[in-house]
Amino acid sequence: MGRIVGIDLGTTNSVIGVLEAGRPVVIANCEGSRTTPSVVGYTKESELLVGQLARRQLVLNPRNTFSNLKRFVGRSWDELDENSLSVAYSVRANDQGNVRITCPATEREYAPEELVGSIIRKLIDDAETYLGESIESAVVTVPAYFNDAQRQATRDAAVLAGIKVERILNEPTAAALAYGFDRSSSSRVLVFDLGGGTFDVSLMRVSNGVFDVKSTCGDTQLGGNDFDQRIVDWLAEQFLKKNSIDLRRDRQALQRLSEAAEKAKQELSGVQSVPISLPFIATGKDGPLHIEANLDRSKFESLCIDLLDRLLLPVQTALSDSGWSSDDIDEVVLVGGSTRMPMVQQLVRTLVPNQPSQSVNPDEVVAIGAAVQAGILSGDLRDLLLNDVTPLSLGLETVGGLMKVLIPRNTPIPVRQSDVFSTSVANQPSVEIHVWQGERQLAADNKSLGRFRLSGIPPAPRGVPQVQVAFDIDANGLLEVSATDRTTGRKQSVNINGGSNLNQDEINKILAEAKSKANDDRRRRASIDSRNNALTLVAQAERRLRDAALELGPYGAERQQRAVEISMRDVQDLLDSNNLKELELAVSSLQEALFGLNRRLAAEKRTDSNPLQGIKNTFGSLKDELFSDDYWDDDPWDYSNRDYIDRRNSPRRDLDPWDNDIYR
Ligand code: AMP
């Protein structure tokens, strides 16, 4: 099996890790950072940008730059709240009620999964560069509280990136794996994971390599972004009162406000008060308008009281589901950048008296855990066992719209559960299986995962036919439902993907399009790369020629200098005429010529202290014969005609009056 990587696909940042020599490590991206902003953008010329480059154009090109995409993954339009929609780009519902993101630059609409797929592709590309091998599969993490549709959609995003998902892993479980994979003691751990857009809490027992998740709870629409939004609103309201302009209606101003708010929030984790300065944020009747404000920590905290309250309930629910009290908890592991906020840390301390563990980096811990899980799956890590649970109850709709739960929340996975149902009217020829996920009594208050019909039921009085419905949840937390008519043996089964934004046809279409584009992209990239390489080499050649002139004088290594000059001119001509076909050959000739010159320079250095050097430089024209490189060192390259000549077999070598040895 090839190498499997671990991917933490965050709302704000994403991280990729891998197991190296038995230890999980984070792979830096090609920009040199260990975290990659989860931002995708298109330039005005429709060029795709991912990560830091996309993030950089957030303010200047807000309609074509997409952040916080995770909030839309696997969610239908009806499920989105106002907060999720307060983004600077356009989001709309398509005919099926699925979320679509509009990109004016490419004149196309994208499913969120498609854009998230580009983030995964970038992470994989960077990892392939680092590892020097191609990667086909990954462990991808999701918030533990993601429902089935969100998990399916995450998997679709990976498929669109050309990656096989070996396992969908819950983020807090990944964090616990990272925390406990090399500890032998037994402890009860509470993982408190507040990232950019989601919140999870999980309780688990970690004991000698066995990770038993007891319970999990959370909120997939609560994270650091909501805290930023409070600052945005505070600034925008003040501005509105003073200038009667709502900055939130101006995409660029909104983007600048959001960035300033996030920066202020992060700084307030370290200091008590921060200045916020946004010059030229709008234009009023009398000219440009600016924001100059000061935000102190207590004011910020007062703006976020209800957000803190929303963190309480999931912790209490997870504790009560696990059957543990807060005193039973041995360790609290803080995960996600938002746990750096002092008010969040204080809240955690009031819930569980222990000092939170600081031994793991909250930004990287999930990717590290994913890499550990990848190691378990590939067989590189043994003696580790992970028992996870399903976060939400799964069931189907019965008479009166009630939800009949088949698999209660926090059931260890994988799991299979079945029950027998019957018809509600006489001679009913078919039954509809409508699958729901959630904790409410009425099915309609939960999340619909999909429906299908089992037909061909023989006529019978009400309540007589026996339809066996089975729910299967695999280790990824993904559900398959089947229904069998016990009388006829007729069976119908489906993978539930009702909430995923893309159907299989759409996925295939996008994949085909990406494939054809990939070839174009590869060609374009190859030509850019070869031009860049050639330019770099020319610059290097110019430097070496200067060095040679300084170190050896104009006649010092005439043949090699001339060879470099000629090759360099060839390369430059081909660059000017954009003749990429012949450029490669010319570049390798220049490389050879430079190699010869470098060797010559190195040989000169070795002989610098030799008294014969002076004589050598004085002889001038005689030099080519007596002091030719072919005699002075073992250089087998003749650059004057750029043919390879092995001088060791040349009879001239026997005539060499200056045995190399005496110069060494
Ligand atoms: P993650 O998903 O773990 O990358 O977390 C990203 C979230 O953490 C974003 O909302 C960041 O603004 C937030 N964050 C990062 N560093 C800090 C900090 N020092 N104080 C407060 N929030 C932070």
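**View 1. Asn 208 in its loop.** In this predicted model, Asn 208 belongs to the loop that runs between strands β14 (199–207) and β15 (210–219). Take a look at its backbone: phi is positive here, at about 45 degrees, although Asn 208 is not a glycine.

**View 2. The peptide bond between Ile 413 and Pro 414.** These two residues are joined by a cis peptide bond, with omega at about 0 degrees. To find your way, look for Pro 414 in the loop between β22 (412–413) and β23 (415–421).

**View 3. The ligand between two domains.** Here the ligand sits in the second largest pocket. Domain 1 (4–223 + 307–387) and domain 2 (224–306) each supply residues to the shell around the ligand, so the ligand lies between them.

**View 4. The shell around the ligand.** You can find 14 residues surrounding the ligand, and the closest are Glu 262, Lys 265, Gln 266, Ser 269 and Gly 337. Helix α7 (residues 251–268) gives the most to this shell, contributing 3 residues. Sorted by character, the shell holds 10 polar, 3 charged and 1 nonpolar residues.

**View 5. Polar atoms beside the ligand.** Let us zoom in on some oxygen atoms of the ligand. One ligand oxygen is 2.6 Å from an N or O atom in the side chain of Glu 262. For Gln 266, a side-chain N or O atom is 2.9 Å from an oxygen atom of the ligand. At Gly 337 the partner is a polar backbone atom, 2.9 Å from a ligand oxygen. Taken alone, the ligand exposes 500 Å², and the protein buries 88% of that.

How values were computed
Residues numbered from 1 in each chain as written. Predicted model: local features only at pLDDT ≥ 70, side-chain atom pairs only at ≥ 80, totals over all residues. Heavy atoms only, no water. Near = heavy atom within 4 Å. Polar contact = N/O pair within 3.5 Å; in protein donor to acceptor, adjacent residues only side chain to side chain. Areas by Shrake-Rupley, 256 points an atom, 1.4 Å probe, with all protein chains shown as cover. 1 Å grid on protein atoms, 1.4 Å probe; cavity = no way out; pocket = protein on both sides within 12 Å on 5 of 7 lines; lining within 4 Å. Sits in = over half its atoms within 2 Å of the grid points. Helix = DSSP H or I, 4+ residues; strand = E, 2+ residues; numbered from the N terminus. Nonpolar A, V, L, I, M, F, W, Y, C, P; charged D, E, K, R; others polar. Domains from an automatic or database assignment.
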